[in-house]
Every structure is written in structure tokens, then in C-alpha cells.
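Please open the model in your viewer and keep the sequence panel beside it. The stops below each begin with a selection and then describe what is found there.

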Amino acid sequence: MKRLALGLLLTMAVVYAIATTLEARHAAWGYVAAFAEAGMVGAIADWFAVVALFRHPLGLPIPHTAIIPANKDRIGVNLGQFIATHFLATEQVLAKVREFDAAGRVAAWLSQPQNAARVGERLVDVGRWAVGALDDERVRAFVADLARRGLRQMEVTRLSGQVLEAMTHERRHQELLDGVLVQLARLLGEDSVQDTITEAIAREVKALKYVGLDQVAARLATRKVVVIVAKTIIDMADDPAHRLRLRFDDMVDGFVTRLKDDAALQQRGERLKQELIDNPALGSYVNQLWGELLAWLQADMGQGDSSIRRTITQAAQTLGERLAGDAEIRGWINGELQAAAPRLIERYRDDIRHYIVARVQAWDAREMTDELERHIGRDLQFIRINGTLVGGLVGLLIHTATHAWR
């Protein structure tokens, strides 16, 4: 395009020379010369304008030339401000978020089996890479050291007391006791358990063995034990204020208090913790667990019918189908996105603007100029071509008007 624009300028110069030479022979050559002369002026003026955008024409430091390199930083500031104002305005982004229907699109995409399979495949690929990267001696040593540091910073007894206190808040531990009582009642009702108790009692009733009454006495004793225990269990289950329940409460409360406040018990816990930390077996155990976990993950994800991949695929498709069939939850998701968007925009708009400004400032002026010229230079050469032709037509018009005036 540069050669075409330059060739047109040279053509105008040749035409001007010929027309000027032949002007005395016929008046028409004067019009041709006027056209060519004005065309050269237009071509040179637009060449100067186009070149002045990117560099100094002919290397001369003429004021207000090399506009883009000289104003690179200001261009970056204006570009960042333009994008922040016209692309990241809160209302514009919100309108796009409302129109986008993110939940509906995700639901429709995940509902397709091939897309859900793609999710499973991609996540497994990432997982295999991560497992391979983590299967390293440095990582193993880091994990073992991390476990030691975590134990060292943990107040075992006090933390245990806080956990138990949370578990026993509002008598939650009574639910656990109820479950234990139910299981115990079922256990005592089993024939095998009763036979075991019978044999134990029979071994103790040695005096009756010689008269053959040991098994009889044992069965009677077993029946009585089962009845008494079952009645006690039923009473405890039915009576929230049963004395055994209250004793259980007192025992738990006392243990929690000791864990939190008993200095001797805390010191003992710290000693046990330190012994565990100093024990070389801890590092070996953590390394072994880490290695077994990574080996299992690697082996599973390397199989064609990987259970992890299958689980992820099924979960993704199920999620898509559930979302597609639940308009209420889709509305909730879209509503939450719309509610979060203004905060995110306000929080990151200036960061994005500063990032754009910093990136433009970091560019090399010469490289930036060459890149811009490479992308828009072709269109700018049309300015030179159009300037040549338009200049010639204007020159012809002026020449014609001048002769008409005379």
C-alpha cells in the first residue's frame, strides 16, 4: 500500500512535468497540470500527516510529530479511563448480567452428557497433573513438617474441651446417648449375646456344675440380667431426668471443665503431644499415608473407567439437570450474581484501569508504534491515495474557477 501511494505521487509528478511542458500547445494541458500539481500537494500533505502519527517525517524533530510515541502514556491513561467508563459502568454490566442468564446457560450446558463427560475428563486431567506434581520427596517432607507444625501450635486438651463443649451444648450429647441405648437394647436381645452371657455365668457357678444345674442357673441369671438391663435402658430412654442420665451429664461436664481448666491435665496432654511430634514414626506415617493416597488417585484416574471421572461426570450432569428443572434456584443464582456484580465492579474497576495504564506505560514506544502501524497502516495509506485524488480534483476546480473569473 505504501508503494501504491508513492507510485501515485510519482505519477502525478510525471503528469505535471508533461502537462507543464505541453501547456503552450493547448489550453487543456493547463487543466491537467493544475490537477497533477494539486494532487502532488495533497499526496505530500497526507504523507506528512500519516507519518507524523508514528515518527518524525524525514527524521526532522518537527513539533507535534511522532504523536503516538510522544503521547504513549497519555494514551494509556485515556484508554484505561475509556474502558472503565464505557465498558465497566455498573448499569451496563448489570444489564449484561441480567441478559446473560448464567444459571440457565450452565444448566443447559451441563445437562448434555457429552459436556458433563468433558467436565469429568478435564478435571481428571488436572487431577493427574496435580497428583504427579505432588508425588515428590520435597512435598512429602513439607507435608510431614506441616503436620508437626500444626500439632505443635494446637492446644490439644483445651481444643478438645471446646469441641466437647460445643457437642454437649443444649444437651446434644443426650441424642448420642439415646443412640447408644437403642443399640445396646438391640444387642442384648440377640440370642448369641445371651448365650455368651449364659456361658460366662455358668463358668462362675462352679458349685452347681456337679449336680448339673449350672446351665439352668446360668439361663435364669441371664434372663434376669437381660430383663433388668432392658428395663433400666427403657427407663433412661423415657425419662430425660433419669438419675443415670444426670450422672452422665455431670460426668461429661466435669470432663469438659477439666480439659479446659485443669493445668495438670493440660500439661499431660502437651507432653503426649510433644512425644508424638518428636516420634520419627509420625513423619513416616504421614509420608506413608500421603504416598498411598497419591498412588490410589493416580491409579484410579489413569484407568479408562475411572471411578473419580465417573463420579464427577455424574455429579456434573445431575447438577445440570437439577438446575434445569428448578426455576427457583436458577432465579436465586442469577439474583445473587446481580447482587454481587455492583460490589465486584466497584471494587475492581479502578484496578483494571490502573492495570491498563501500567501495561501501556510498560510498552516500548518503538514496539508499540510498529505494532499499531502494522495493524492500521494499510488503511492509513488509503488516506494518502484519497488525498492525492481529492487534492487533484480540488486543484482542477480552483484552476477552472480562476479561468472563469478571468
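The tour goes from the whole chain to single helices and then to individual side chains.

**Before selecting anything**

This is a predicted model, in which local features need pLDDT of at least 70 and side-chain atom pairs count only at pLDDT 80 or more, while totals for chains, interfaces and linings use all residues. Residues are numbered from 1 along each chain as its sequence is written, and side-chain values use heavy atoms, with hydrogens and water left out.

**The whole chain**

Show the chain as a cartoon, and the protein displays 18 helices and 0 strands; helices (H or I, at least four residues) and strands (E, at least two) are DSSP runs, numbered from the N terminus. Of the 406 residues in the protein, 28% are buried, where buried means under 20% relative accessible area, exposed over 50%, and partly exposed in between, with a 1.4 Å probe and protein chains only. Among the contacts with a separation of 6 or more, 72% are between residues 24 or more positions apart, a contact being heavy atoms within 4.5 Å.

**Helix 1**

Select residues 2–22, which form helix 1. At 1.5 Å a residue, its 21 residues should span 30 Å, and the end C-alpha atoms are 30 Å apart, in agreement; the expected span is 1.5 Å times one less than the number of residues. Next, colour Ala-5, Leu-9, Met-12, Ala-19 and Leu-22, the buried residues of helix 1. These cover an arc of only 155° around the axis, which puts them on the same side of helix 1, the arc being that of the directions from the helix axis to the C-beta atoms. Lys-2, Arg-3, Leu-10 and Thr-21 are exposed on the other side of helix 1. To see what covers the buried residues, add helix 2 (28–54) and helix 18, which are included in that cover.

**Salt bridges**

A search of the whole structure finds 9 salt bridges, each being a side-chain nitrogen of Lys or Arg within 4 Å of a carboxyl oxygen of Asp or Glu. Side chains of opposite charge can pair when their charged atoms come close.

Select Lys-2 and Glu-373, which form a salt bridge with the closest N and O atoms 3.6 Å apart. Lys-2 lies in helix 1 and Glu-373 in helix 18, so the pair ties together parts that are 371 residues apart in sequence. Glu-373 is buried, with a relative accessible area of 14%. Adding Arg-55 to the selection completes a network of salt bridges that links Lys-2, Arg-55 and Glu-373.

Staying on helix 18, select Arg-374 and Glu-371, whose side chains meet in a salt bridge (2.7 Å, N to O). The two are 3 residues apart in this helix and so are separated by about one helical turn. Arg-374 is exposed, at a relative accessible area of 59%, whereas Glu-371 is partly exposed at 38%.

**Further along helix 18**

Which side chain of opposite charge is nearest to Arg-384? Select Arg-384, in helix 18 (residues 365–405), and the nearest one proves to be Asp-46, 7.9 Å away, so that Arg-384 is buried yet has no salt bridge. In this count Lys and Arg are positive and Asp and Glu negative, while His and the chain ends are not counted. The side chain of Arg-384 does make a polar contact with that of Gln-381 (2.9 Å); such a contact is a pair of N or O atoms within 3.5 Å, where within protein one must be able to donate a hydrogen and the other to accept it, and residues adjacent in sequence count only if both atoms are side-chain atoms. Beyond its neighbours within four places in sequence, Arg-384 is in contact with residues including Lys-2, Ala-5, Asp-46 and Trp-47.

Then move to His-399, also placed in helix 18 and buried at 18% relative accessibility. Not counting residues up to four places away in sequence, His-399 touches Gly-30, Tyr-31 and Ala-34.

**Two last stops**

Select Ile-83 in helix 4 (residues 72–86), a residue that is partly exposed with a relative accessible area of 24%. Ile-83 and Arg-353 are 270 residues apart in sequence, and their C-alpha atoms are 7.4 Å apart in space.

Finally, select Gly-291 in helix 15 (residues 280–301), which counts as buried at 16% relative accessibility. Its C-alpha atom is separated by 9.4 Å from that of Asp-136, 155 residues apart along the chain.
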